[in-house]
Each structure stands twice: as structure tokens, then as C-alpha cells.
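Here is a short report on one protein chain. Keep the structure open as you read.

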Amino acid sequence: MFGLLKKIIGTAQGRQLKKYFKIVQKINEIEKSYQSLSENEVIDKTEEFKKRYKNGESLDLILPEAYAVVKNICKRLMGTDIHVSGYDQKWDMIPYDVQMVGAIGMHYGTIAEMQTGEGKTLTASMPLYLNALTEKATHLVTVNDYLAKRDSEWIGTIFKKLNLTISALTNDIEPHKRKDVYAADIVYGTASEFGFDYLRDNSMATTKDEQVQREPYFAIIDETDSILIDEARTPLIISGPAPESRQMYDELKANVSLLVKNQRDLCSQIATRSRKTLLNLGILDEKERKLTKKEESDKRLAYQDLWQVSKGTPRNKILKKLKENPDFRAELEKLETYFHVDQNKKEKASILSTLFIVIDERSSEYELTDKGISSWAKLSNDEDAKNDFMMLDLGYEYLKIDENKNLTDQKKIEKKVALREEDSKRKERSHNLRQLFRAHLLMEKDVDYIVDQSEIIIIDENTGRPQPGRRFSDGLHQAIEAKENVHVQRETQTYATITLQNYFRMYEKLAGMTGTAITEAHEFKQIYKLEVLEIPTYCKCKRKDTDDKIYMTEREKYLAILKDIKELYMKGQPILIGTESVEISEKLSRILKQNKIPHNVLNAKNHQREAEIIADAGKKAQITIATNMAGRGTDIKLSDEVKNLNGLHVIGTTRHNSRRIDRQLRGRSARLGDPGSSQFYVSFEDSLMRLFASPRLTSMLQRFRPKEGEAISAKVLNRSIETAQKRVEQRNFMMRKHTIEYDDVMNKQRQEIYSFRNELLNSENSIDLAKEVIENIVISKVSEFFQDKQTLWDPQGFVSWLVSNFPVSFDKKAFDDDYIDINDIEKTATQKILEVFDEKLKIQKSLIINFKKLEEEKDVLDVLNNVIKNIMISKIDTLWQSHLLHIDHLRTDVGLATVAQKDPLIVFKQESFALFDTFSNKLKMAIASDLFRFEMIPPKDSLQETLKHLQLDTQKSFVPQPDEINAQQNNQELKDIKPAPVLSENKVGRNDDCPCGSGKKYKKCCGLLS
């Protein structure tokens, strides 16, 4: 029924495409008319369009002509040599109709889903050119520095030809050069560079000139799903060394490592014992016989023990081997369901209590049992270790001190300070311990990070690229450094942070392009208000996608992959093998080396040759192993000979956690109508299948169990795997949604602080802003002390507050008048304080005139304004960093609200609002206080001046010159008084006679005085 309606009415996508194709016809007609123009006349169109836009014509009206200009210039560039990324190539690109449809969609703020090889890079040139005509900030955001540089050189050829400036924003550009980069009409760069520059501009720049970015206007995000979905799970954070750091990773790591080893040994013993039991019962040999009651009980206990092992060491080798049997897998799943029921939770707790640590692999969490905690105390053999998992109740401890009548007030204060010190030490030690256990139990080398030149480098889980310069937050990076025995760096503190979602939502217009977006269309619509438009392909896709081959074990899977690689290699067909991690790519590389099969490996350890390896992947008999293919940005072109061999064959060594990554890998084959094929290999030992596959899949395998080395392949299994992927995608979506919900709360606070800070930076008169802050703090305090004459009216308290915080004097009864109202109190207090402030400024002005020898009033005011501006900005930055630290702690603690059956997000909103209110009042008070305390001091000689004098001295000859001798003689004659030489006195001994003549010994006379 719905299918029939779709045919009659059409879909929203279809109607949109129809509308855009009509605009494309118009573009093509205009472009034909431009062919009769000279090249200079076409180039001059840029200035014409700019004038028309300034005169009020909309970009929508200019669009057909602007796109026609880009197409015409591309035609004129045909055959021209272009120097890109160190090598020359001929320009061979003219936009197709489908590319122009994508370009129109991007201008109207949609995400264009274009298949790999359809020319997204060229498509972006048209909306970029059109929006750059506004002379506002126009950006193309890409996934790495290499693509930003390459595309700015390659597509920049069009823009340069059309008199627009273009630049590339990469990690190696120095801060002082970035302003010039952003001044270009079009800027290509990575999401993190744009985001970090925004944070630096708003939280670290101390003058207007240090701010580099322009007001964000239009951005196209290349590989939109990779940037806005995958990278958006972790916020951008600028951090610096923490002012206080008591990190104890080095002293704790040995015992953590030992406890983790004890856990592995214990689980191995349990697994070995259980396997032996099952073997004796004939269950592993599949000898069906009736078991006695005792044997049934032993069988159940063996399965229970193995379930226990799955909670203690999920990757235990014996367990993995046993899980190859579908019957065994089904038994474990039954136990999982049994222990999930509430009435069986006590039994579950009893079984798990024999472990040291319980690991939840699915949620990536762990928990120490009571046995683990007591073992930790025994291992440490240290008094402090007994308290590592027990925090102090400061309120109760303070109360005990206050109730102790034997202590003086001073002793009570000392005890409270010592207690607070002990509490912070315990918390730091406990935090270090948590992160060390996380590093040992949940973070894997060559999966989550690599060790390169004694440094821990994070691997991007979505692209497989290394991320030098980035660090895991909250002490996890230091814990991994301790685990891998490299130098542990000092812990850091957050200086500024923002999520990518909130950064990109600041752009007036946003668009995107990618090969895979439709699966996440709901999220794009919900968070970014972006629609996804599927663009038809230029040529029909000829790729053959076969059903997944599913094996019981990883060993069988790799043997099957090797067999298929050998067959295709002998045939000469190129193969691209996609792996999930560095570890798997190196494992597969070892297998191929053992079989003497030549190949290239692209992973986080040798990413420098990325473009070269990908470009060569289409050559005859070429085998390429690559860790994740998202955003590689290089076409794999095929020769006619390779096309006749059925094109590029793509092998997926596993299904990834996201369907998009699988589609990206498949999309590398069969570009622009080329032949190609793809095949995915899956085993039940893969993490996706272990953690997220449906129990129904196990029951299906029990019925249709394959022979050793034989694959299962069916559409129903493919759907089951996709369901598992959807579960992971949904979980990741909830994580991103969670992140943005919390950051939305912070975003309001961030905007308020950054706007105040920018107002200060851009202000020509910071003195007026300073006076405004002083007024605000006084007015807010008036409302605290004076509310209503019946409820709260405290004139003496207000006077005390004024006198203690400002250098002013008030009579105690200054505001104690029955006829005075709140407005009069505000006016009197602010007037008096501002008078004192003006007097303070007057004194500072006179000091500036003396020190700087300035005569113009304007020059003096400029100096004073700058001083006040710096005082205020410095105080904002210091207290904002402190506020962010409190928010970090709140964000960690708020999870406990679930125990009280409260929504953590609502609690976070309430608590963070209260914290921000406290921070705002503290900031105003701190600024007001500092404004009355600053003092101008005379400048010291600059280093350059001192060096200049030193240089003059060192240039003199050691032998006096004739001129110098004459000068010295003349100077001698001019001197009236010759300075007396300084004579050294003989030292008097302690037992000598005193030189004063008293007849006593020196030590008993004048020596006493000295």
C-alpha cells in the first residue's frame, strides 16, 4: 500500500532532487553562454557577484550564475598541470550534474550523501565559492591535516583563478600566523584546529590582536558522520598542569599489576578445573549419556564457574575455546539470564565475591570485590592502604573536634586543617588507583593506544590514525604511562572545553558531505537541524556485495581469509583488507609474511605513507591492509587490466561496531561504475558478536552447527549482525546525547563568560566596565542586607561589609534612618565607593605621567585602561579555571543521584547553576577588590638596555689606547676630591684585650654587643 502511494506521490527526497535538477539545467544553460566570454571576463564575475550581494541581492539568486562560473573555470583548467602534495598532476575534473545537485543541497544546509569516488571534493568548491562572496568566514572542515593541505592546494586552483584567497589550517601553523590564515576568503582545516582556536580566542587571548578567528558564518563538514558523530563523543579540552598534583601512579602501579595478575591466575585455575570436570562428564566430547544427580550438580557447578570466569577475565583463552561450542554458549546465556533476575541477585553476589575484581565488558566498567579490597591492603603492607577505599566523613569528624573540650581553638583549627589534608590525600590516592585499574583491565595496547618513542599515543578508534598531542583526561593517560613503564607526566587541569556539537552549532549556516549519513539521519536532524539528501550516483554501482561468512572461531576465520587472499593474488586481482585495530592489522601482516605474500600495511604506526599506500591499492596483485578507511580521502583508481580482473576486492576482517564504517570500507570498491566486490568475515570470538549478538543466533547455531572450517552464510544472519550493530549505535548515540545535554548546561555559562571577556577585550574604555562591576557588587549586597524593614534590615552589617571590603569609611549609623529607602542606600554607597575609586585612578595617572613621561591625557588613559583590562581578564581566567574544576568534580559525583532515584541531569543543572551563581559573585568581588589594590611601579631597565651597556663594556680593549690615556689624564685633573681607599681592619680575637681600653677581654666587653 505504502509502496503504491510512494509511486503516485513520490518521496520528500525525490521531490527535492527534482527541484534541484531544474536548477542544474539553468546552470548548464548559463555556463554555455559563458563559453563565449574571455577568461578575464569570467574571472571578473567574482567582483560583480560581490557588488550584487552588497546591494541586497540574495545568494540564492546568484547561485546559478556562480555555479556556472565554477564549472566554466574547471573546463578552462582542463589539461593544466597542478602541483599537489609534492607531485604534479593534470586537471581532469568538470562537475557532473549529480555533483551540482549535491552542491545546491549543501548551499541550502543539507548533508549530501554521495558514494565514495563520486567527487565530493570538487562538489564542495561550488557552495564554498558562492558563500565566500559574502566576505564572511567560510570554512571547509575535514578529518586530517593532510586532506586540509591537499584539498586547499588542489581545489584552491579554482578559487585562486577566481581571485579568492585560500589557506590551510594545520596543526604546525604557529599561533602568530593563524590570524592571516583565518583572514583568507576560504579556509580548509580540521575540526579540532577550528575548535581549539575558538577556545584559545575566548579563554587565553589577552588582547584583541591575539584573537585569530572571524565570526563563524558558513561551514561544510567533509566526512560529516566521522566528525559530527564519531568524534563528537569526546569534547575538545585545553588543559594545563594542575597547580597541585600528588599523583602516586609510580608507587601504586606494582601492586595494581600484581592484583590484576592474581585475578588472571585465579580465573585460569577455575577455568582449568571446570574444563576438566566437563571433559570427565563427556560433555566436551559430545558423548550423549544420561548423567546422575551428582554429575548434573557437577555440570551445573562447572558452568557456573565458567560464567564466573567470564565476569573476572572475559578474554580467558579456555573460555574463548569453549565458547566455540554453541551448546556451551547457550548454557552461559541461560546463566546470565538467571542471575539477572532480582531474586537470584544474592546468589550472584555470593559467587562473584570469590573474585578480586568484577569486569563488565559491555559497559566498559569494573568493580573491586570485598576480597579484592582486603587483598589490596595485604599486598600494600602499608597503613595508608587500609583507607584506600574508605573516605572520611568530614562533617562528622569536624563535629567530634568541636565537641572535644580539651582542645583550644587554635588546636581545633590545626586538627581540621590536618584532617582536610588527609582527606585530599586519600581522594587523590583513591583516584589514582581507579585509573590504574582501568588502564590494566580495560585499555589495550595497539587497540586504544600505541607506545612510540617512550610516549603513549592515542589511536582514533574511528579512523585508526594516531593522535599525537592528545591525552586521555582525568589521569587515565598517566595511569597508562605507569602501566607501560614510560615517564609519567604531571596531571593536567581543564582550562577550557567545548563539545564539537556546540562549536558547530555556532555557525550561521552548516552543511556536510559524506558517503554514509542516512543511517544517522535522525541524529543529524535532532542535534544539528540538518537534513540528509541522498545524491544519485553518476554511474550505476557494479559492486558485488556477498553475504558475510561466519565462522565459529577466530582461527577458522583467518584461515579462510588467507585461502581467499591466495586465490585472488594468483589471479592478480588487487585486494584491500580492512581491520579494526593496529593489533589485528599486524597479526594479519605476520600471517601473510609467513606465507610469503607481499603486501602494504597502513595503520597508526606508519600513517606517513597514507596517500601513497591508498593510491597504489588498485594496482595489479596489490594487497593492502588498512586499519579503518574512514576519511582516507584518496581515490583508488584502476587500470583497464585490473577492471578486466573484476576490479578491487574488499575484505572486511570483522563487522565494525557501526554499519557506516562497514559501508565506508565497501565504498572503496567500484567507484564511478568500475567493477568490484566485497566480502566480510565474522567469527563468534569478535567483540561485536561476543557482547551484542542476539541469544537467538546461538539457538540457530545449535540447530545448524557447521563443521570445522566451514562458514555459515545467510541473509538472516546478516540481519542479526546488523541488529547487533544497531544496538551499539544506539548506545553510542545515547552517550553523545548525554555528553551534549551536560555541555548544553555549561554552554550557557560559557557564552556568558566569553561574551563578558570579549566585551572587555574589545572595549576602548575598560574603566567604565570596572565601575559597572563595582556598582553591580554593591547593589547585589544591598539586596542581601536590606529586604524589608519587618523581616531583614541590617544597616550595621552592611556598613561592616563596606568597610572590610573597600578602602572607605562610613559612620556606623550612615544607613540607620527610618526614612531612607533601598534606592538611596544603593546611590549613597556606590557614589562614595566610586569617588574613592576615581581618587585611586587619579593617583595612578600621576604615577604613569612620572614613570612614562606622558603628557597627553589620552595616552595616560590608554595605559590605565590596559592595566585595568589585564587585571579583570586575569581574574576571569583564574576563577573560570577553578569553576571548571568544580564542574568536573560535580559531573563525576552527580551519578550517585541515581541511588536517591533522582535524574542526574536535573541534579547537575541545579547544582551547576548554584555553582555558577557563587562563581559570578566571587568573580565580581575579586575584581572589585583587585581594582582597589593595584599600584603602578616604575619600570626596570629592559634586558635589551642592560645588554647594550654590557656590549659597550666588552667592546673595550684590555690595553689602554692613546685617546683613552689622554681622556683619563684630563679626567684626573678635573677631579677635586680623591676617594679614600677602603682599608680592611685586623679582626680582634675573642680572648684578646678589648681595643676600647677597658682592660677587659674582648668577649666580655665590646664582643658582647656584636
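Which helices and strands do the buried residues of helix 22 pack against? They pack against helix 14 (249-280), helix 21 (409-442), strand 11 (449-451), strand 12 (456-459) and strand 14 (492-498). Contact here means heavy atoms within 4.5 Å. Helices (H or I, at least four residues) and strands (E, at least two) are DSSP runs, numbered from the N terminus.

This is a predicted model: local features need pLDDT of at least 70, side-chain atom pairs count only at pLDDT 80 or more, and totals for chains, interfaces and linings use all residues. Residues are numbered from 1 along each chain as its sequence is written, and side-chain values use heavy atoms, with hydrogens and water left out.

**The whole chain**

The protein chain has 40 helices and 25 strands. Of its 1010 residues, 49% are buried. Buried means under 20% relative accessible area, exposed over 50%, and partly exposed in between (1.4 Å probe, protein chains only). Take the contacts in the chain with a separation of 6 or more: 74% of them join residues 24 or more positions apart.

**Two covered helices**

Helix 22 covers residues 476-483, and seven of its eight residues are buried. Leu 476, His 477, Gln 478, Ala 479, Ile 480, Glu 481 and Ala 482 are the buried ones. Helix 8 (residues 125-132) is mostly covered too, with eight of its eight residues buried. Among them are Ser 125, Pro 127, Tyr 129 and Asn 131.

After helix 22 comes Asn 485. Asn 485 sits in the loop between helix 22 and strand 14. Its phi is positive, about 60°, although Asn 485 is not a glycine. Lys 529 also has a positive phi, near 60°, and is a residue other than glycine. Lys 529 belongs to the loop between helix 24 (521-528) and strand 16.

**Five residues and their exposure**

| Residue | Place | Relative accessible area | Class |
|---|---|---|---|
| Asp 151 | helix 9 (residues 145-154) | 2% | buried |
| Asn 316 | loop between helix 15 (293-312) and helix 16 (317-322) | 7% | buried |
| Asp 97 | helix 6 | 35% | partly exposed |
| Asn 485 | loop between helix 22 and strand 14 | 59% | exposed |
| Lys 529 | loop between helix 24 (521-528) and strand 16 | 64% | exposed |

Look at Asn 316. What does its side chain reach at 3.0 Å? It reaches the backbone nitrogen of Ile 318. This is a polar contact (a pair of N or O atoms within 3.5 Å; within protein, one must be able to donate a hydrogen and the other to accept it, and residues adjacent in sequence count only if both atoms are side-chain atoms). Leaving aside neighbours within four places in sequence, Asn 316 is in contact with Cys 267, Ser 268, Ala 271 and Val 309.

Asp 151 can be read in a similar way. Not counting residues up to four places away in sequence, Asp 151 touches Thr 121, Gly 156 and Tyr 188.

**A pair of crossing helices**

Now find helix 5 (residues 59-77) and helix 6 (residues 97-107). Their axes come within 12 Å and cross at roughly 145°. Axes are lines fitted to C-alpha atoms, for helices over the stretch in contact, and angles run from 0 to 180 degrees between N-to-C directions. Helix 5 supplies Leu 59, Asp 60, Leu 63, Tyr 67 and Lys 71 to the contact, and helix 6 supplies Asp 97, Met 100, Ala 103, Ile 104 and His 107.

Asp 97 of helix 6 has further partners. Not counting residues up to four places away in sequence, Asp 97 touches Phe 21, Val 24, Asn 28 and Lys 71. Asp 97 and Tyr 20 are 77 residues apart along the chain, yet their C-alpha atoms are separated by 9.9 Å.

**An open sheet**

How many strands form the open sheet? Seven do, in the order 5-6-4-7-15-3-16, and the pairing is parallel. Two strands pair if DSSP finds at least two bridges between them. Strand 5 (166-169) and strand 16 (531-534) stand at the edges, each with a single partner strand, so one side of each has no neighbour in the sheet. From one strand to the next, the twist averages 20°.

Strand 3 (residues 110-113) runs parallel to strand 16, and four bridges join them. In one of these strands, strand 16, Val 532 is the bridge partner of Ile 111.
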